[in-house]
Amino acid sequence: MDTVLSLGIREVARLDEILQSYLDKSESDLAVIIDQGGNVISQCGHSEILDVTIIAALAAGSFAATKELAKRIGEIEFNAVYHQGNGSHIFMNSVDDDTIMITVFGSQTTVGLVRFYATGCCKSLAEFLIVIRAQGSGDMNFSGFDVGSVDVAAPR
């Protein structure tokens, strides 16, 4: 991972729009976009009963372990991981080299439907993330001059 994404209001709104459309079509409960380090980039859906931060960290670890398993059998990677529970399920798939989408869903839908719509959603997200990364962090870039020009001892 090269940089941490810096998102403005418009970028967050667009990510929310993509995720909400995906949730509606797949009939899932929650979608979370994370980086490979487990940091939450965006989330949409019902997260009241879940600690999204912990789920993101654990999902990143699980995805990394799965990636290593793939290498051990001669694959470059597995681009998706599915965990089936008795009532709740998690489907994780790669958006791009740096980003993972986590989907939490229950018995109201099927893994086939989730997987089907996740493919299109991840394609849209990947294209949008390319645009965001190409724009850089805009006003959030600091140079050594910026930091050096601040008199930290000056009274405020």
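Colleague: Which residue forms a salt bridge with R72, the closest N and O atoms being 3.0 Å apart?
Modeller: This is a predicted model. R72 lies in helix α2 (residues 52-72), and its partner lies in that helix too, 4 residues apart, about one turn. The partner of R72 in the salt bridge is E68.

Colleague: Is R72 buried, partly exposed or exposed?
Modeller: Exposed means over 50% relative accessible area. R72 has 66% relative accessibility, so R72 counts as exposed.

Colleague: And is E68 buried, partly exposed or exposed?
Modeller: Buried means under 20% and exposed over 50%. E68 has 35% relative accessibility, so E68 counts as partly exposed.

Colleague: How many salt bridges does a search of the whole structure find?
Modeller: R72 and E68 form one of them. E17 and R14 form another. The search of the whole structure finds a total of 3.

Colleague: How far apart are the closest N and O atoms of E17 and R14?
Modeller: E17 and R14 sit 3 residues apart in helix α1, so about one helical turn separates them. E17 is partly exposed at 48% relative accessibility. R14 is partly exposed as well, at 33%. In their salt bridge, the closest N and O atoms are apart by 2.6 Å.

Colleague: Which residue meets D96 in a salt bridge?
Modeller: The N to O distance is 2.8 Å. This pair links distant parts of the chain, strand β4 (residues 89-96) and helix α3, 37 residues apart. D96 is buried at 17% relative accessible area, while its partner is partly exposed at 30%. That partner is R133.

Colleague: What span does helix α1 reach from its first C-alpha to its last?
Modeller: Helix α1 covers residues 9-26, which is 18 residues. At 1.5 Å a residue, 26 Å is expected. The span in the model is close to that, at 26 Å.

Colleague: Why are the buried residues of α1 on the same side?
Modeller: The buried residues are E11, L15, I18, L19, Y22, L23 and S26. Around the axis they cover a limited arc, which puts them on the same side of α1. I9, R10 and D24 are exposed on the other side. The arc of the buried residues is only 135°.

Colleague: Which elements do the buried residues of α1 pack against?
Modeller: L15 and Y22 are among these buried residues. The group packs against strands and a helix. The elements are β1 (30-35), β2 (40-45), β5 (99-105) and α3 (111-135).

Colleague: What phi does E27 take, just after α1?
Modeller: E27 is in the loop between α1 and β1. E27 is partly exposed, with a relative accessible area of 41%. Most residues other than glycine have a negative phi. E27 is not a glycine, yet its phi is positive, about 60°.

Colleague: How many disulfides does the structure hold?
Modeller: A disulfide needs two cysteine sulfur atoms within 2.5 Å. For C44, the nearest cysteine sulfur, that of C121, is 9.7 Å away. For C121, the nearest is that of C122, 5.6 Å away. Neither C44 nor C121 is in a disulfide, and the structure's total is 0.

Colleague: What is the relative accessible area of C121?
Modeller: Buried means under 20%. C44 is buried at 10%. C121 is buried too, with a relative accessible area of 5%.

Definitions and conventions
Residues numbered from 1 in each chain as written. Predicted model: local features only at pLDDT ≥ 70, side-chain atom pairs only at ≥ 80, totals over all residues. Heavy atoms only, no water. Helix = DSSP H or I, 4+ residues; strand = E, 2+ residues; numbered from the N terminus. Expected span 1.5 Å × (residues − 1). Buried < 20%, exposed > 50% of the residue type's maximum accessible area, 1.4 Å probe, protein only. Arc of directions from axis to C-beta. Contact = heavy atoms within 4.5 Å. Salt bridge = Lys/Arg side-chain N within 4 Å of Asp/Glu carboxyl O.
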